[in-house]
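Colleague: I am new to this structure and would like a close look at one part of it. Could you take me there slowly, and then show me how the rest connects?

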Amino acid sequence: MPSGGPLSERALVLAPFGRDAQIASSMLADADLPAVTCESIEDLALQIDHGAGFAVVAIEALTEVDTGPLAAAIARQEAWSDLPFLVLARRGHGIDRRLISRSILDLLGNVTILERPFHPSAFVSLAKTSVRSRRRQYEARSHLLALSEGHDRLEKALGELAAERAALTDLTTELEHRVDERTAALRDEVVARERAQQQLLHAQKMESLGQLTGGIAHDFNNLLMAIMANLEVLEGQIEPASRAADLVRTALKGAERGAELTQRMLSFARQQELSTCSANVRELVVDARELISHTIGPHIVLDDEGVAADLPFVRVDPGQFELAMLNLAINARDAMPAGGRIEFTAGQSRLAASATLKAGNYVWIAVADSGEGMPGETLERATEPFFSTKPVGKGTGLGLSMVRGFIEQLGGMISIRSEVGVGTTVTLWLPEADEPEVVVEAAPAPPENVEQATILLVDDDALIASSTKLLLEAIGHQVVEAASAEIAIDMLERKENIDLVMTDYAMPGMTGLELANYVRRFRPELPVLLVTGFADLPDPSLPNVTRLSKPYRQAQLEQQLAVLLSGDK
């Protein structure tokens, strides 16, 4: 067995099934490349620890096994080391890397994929390339060792220099005075640094909380999807004027309120789905003022004279912006129970980069009230989720946090100034738009009299799948179910009478978006409806593919299916 060592160039071969290991070792031997055949993942990990030039691994050896020992061995490599892996893949996997589990690619890191069957010359060429790559890593190791030794010598020299400077400081009064001045400056820098670190820690805490909240909201949307789907199907099977129908409608309203709550949570988490366009700030404020005036009552005076019409455009979701302004106005109204004044102003400014903001030109919109104001401890927590000074049952505590999440999702920020007895000013900062105003045309009406279709429903969650099947059958379609994208592909290859694929996005193994890409390549005439609860999902940008966000109602589903099946997409 070729020995290992810190500069070993031996090949490690792990291919426990068939004759792959014997063939690979024979080819390597013919090319004068020493090789060691490993019996298992554990054996491969042990040999990596002993030193190697590269590894040849059959994809089957990494499937449905515990790769923990291999992951640990790879993690134990030194900083300069990135062991090359030559993966022997099944037919087709070399062309489309997405057919190989992402976890395997992430585990190995430095991966070259060779599709079987392969020519010996191709295999030997890749093996020699891996050896050359490993040699360059060994050269980098030597350079790093030399640099480390030089660094130690430099550190020693700097220590000696510091000692000499300290001795010189004791001899010079003027230098002592300068040291005192520098010490004071350093103290100020430390204070500023600690303040910046506190702000960064707070931002990280809010980011972590936002991710947790977004995950909970996504899971809750899945539950609401199952509830709403079953309720809608049930509603169509009972007498509209019955007591049971009233109960179902009440339950649906409750589910819709739950969906609104998850939307607020996703807004705070900066994961809500936005339909942005370039918009005029004056028009945004005027539209929001009209909505606000119908909500807060006549005892509050609204003033938007401070918002000019010639401000730069901003890229924003107009509907969500109106809701954000409405939230701010309702907070201002609650701070002025006896009536008062809400003033809207706007302007533009250039901001420097910060921990949470890019440097650039921004448009600010301020909402100022003449209300009670907030003390300092309340102001510090004002944008935290679920924090509220209102009585129980009078608010969710998500208003300001929702506004903050929405603005930060657009790349801006929110700032608040408040003084007890004087009032509060909330300022929204939005980046200037790079392009002029875009006019969005209204979506065409869905076609009528769409014929019954056979729909392939792909979802790994049995609860969601059964609920969705009920909705599809209630609309009048036939449903064929698949519990994974892999099963769906197999069915598509065997069944010709599929009219449309409806797939969930988040599935283990292969995602719905990857399945849509597969359909686009091999069945381009087949429309795909991609269903997801993730707002940050990339736009598919594929012909014949439409996205539908959870939770949705039966009418929304019917409309999307009608458009896709009619061929108008």
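Colleague: Which residues form a nonpolar patch on the surface, and about how much accessible area do they have together?

Modeller: Happy to walk you through it; please keep in mind that this is a predicted model. The patch is made by Leu-154, Leu-158 and Leu-161, and together these leucines have about 270 Å² of accessible area. Let us look at Leu-161 in particular. Leu-161 sits in helix α5, which covers residues 120-171. Its relative accessibility is 43%, so Leu-161 counts as partly exposed; the partly exposed class ends at 50%, above which a residue is called exposed.

Helix α5 is a good place to start a wider tour, since Arg-135 also belongs to α5. Side chains of opposite charge can pair when their charged atoms come close. Arg-135 does this with Glu-9: the two form a salt bridge in which the closest N and O atoms are 2.7 Å apart. This pair links distant parts of the chain, for Glu-9 lies in the segment before β1 (11-14), and 126 residues separate Glu-9 from Arg-135 in helix α5. Arg-135 has a relative accessibility of 41% and so counts as partly exposed. Glu-9 is partly exposed as well, at 29%.

That bridge belongs to a longer list, as the whole structure holds 15 salt bridges. Another one stays within a single helix. Glu-174 and Arg-178 are both in helix α6 (residues 173-235), where four residues, or about one turn of the helix, lie between their positions. Their side chains meet in a salt bridge with an N to O distance of 3.7 Å. The two partners fall into separate exposure classes: Glu-174, at 45% relative accessibility, counts as partly exposed, while Arg-178, at 52%, is exposed.

Arg-182 and Glu-189 make a further salt bridge, at 3.5 Å from N to O. Arg-182 counts as partly exposed because its relative accessibility is 44%, and Glu-189 is also partly exposed, at 36%. Elsewhere, salt bridges with shared partners join Asp-20, Glu-60 and Arg-116 into one network.

Arg-116 is worth a second look, and the reason is in the backbone. Most residues other than glycine have a negative phi, and most peptide bonds are trans. The peptide bond from Arg-116 to Pro-117, however, is cis, with omega near -5°. Pro-117 is in the loop between β5 (111-115) and α5, which brings us back to the helix of the leucine patch, since Leu-161 is in α5.

Two other loops show backbone features of their own. In the loop between α1 (20-30) and β2 (35-37) you will find Asp-32. The phi of Asp-32 is near 60°, a positive value in a residue that is not glycine. Asp-32 counts as exposed because its relative accessibility is 69%. Glu-64 is in the loop between β3 (54-58) and α3 (68-75). Its phi is near 55°, again positive in a residue other than glycine. With 81% relative accessibility, Glu-64 counts as exposed.

Now let us turn from single residues to pairs of helices. Two packed helices are described by the angle between their axes and the distance between the axes. Helix α8 (residues 281-296) packs with helix α9 (residues 318-334) at an angle of about 45°, and their axes are 9 Å apart. The two helices are therefore oblique to each other, and their crossing is right-handed.

Further along, helix α12 (residues 462-475) and helix α15 (residues 554-566) cross at roughly 65°, their axes coming within 10 Å. That makes α12 roughly perpendicular to α15, as the perpendicular class runs from 65 to 115 degrees. The crossing of α12 and α15 is right-handed.

One last stop is Pro-508, in the loop between β15 (500-504) and α14 (512-522). Pro-508 has a relative accessibility of 56%, so it counts as exposed. Its C-alpha atom is separated by 8.0 Å from that of Asp-460, although the two residues are 48 residues apart along the chain.

To return to your question, the patch to find on the surface is Leu-154, Leu-158 and Leu-161. From there you can follow helix α5 to Arg-135 and across the salt bridge to Glu-9.

Conventions
Residues are numbered from 1 along each chain as its sequence is written. This is a predicted model: local features need pLDDT of at least 70, side-chain atom pairs count only at pLDDT 80 or more; totals for chains, interfaces and linings use all residues. Side-chain values use heavy atoms; hydrogens and water are left out. Patches are made of residues with over 30% relative accessible area and no salt bridge: like charges are joined within 9 Å, nonpolar side chains (Val, Leu, Ile, Met, Phe, Trp, Tyr) within 5 Å. Accessible areas come from the Shrake-Rupley method with a 1.4 Å probe; for residues, only the protein chains shown count as cover. A salt bridge is a side-chain nitrogen of Lys or Arg within 4 Å of a carboxyl oxygen of Asp or Glu. Buried means under 20% relative accessible area, exposed over 50%, partly exposed in between (1.4 Å probe, protein chains only). Axes are lines fitted to C-alpha atoms, for helices over the stretch in contact, and angles run from 0 to 180 degrees between N-to-C directions. Angles under 35 degrees count as roughly parallel, over 145 as roughly antiparallel, 65 to 115 as roughly perpendicular and the rest as oblique. A crossing is left-handed if the near helix is turned anticlockwise from the far one by less than a right angle, and right-handed if clockwise.
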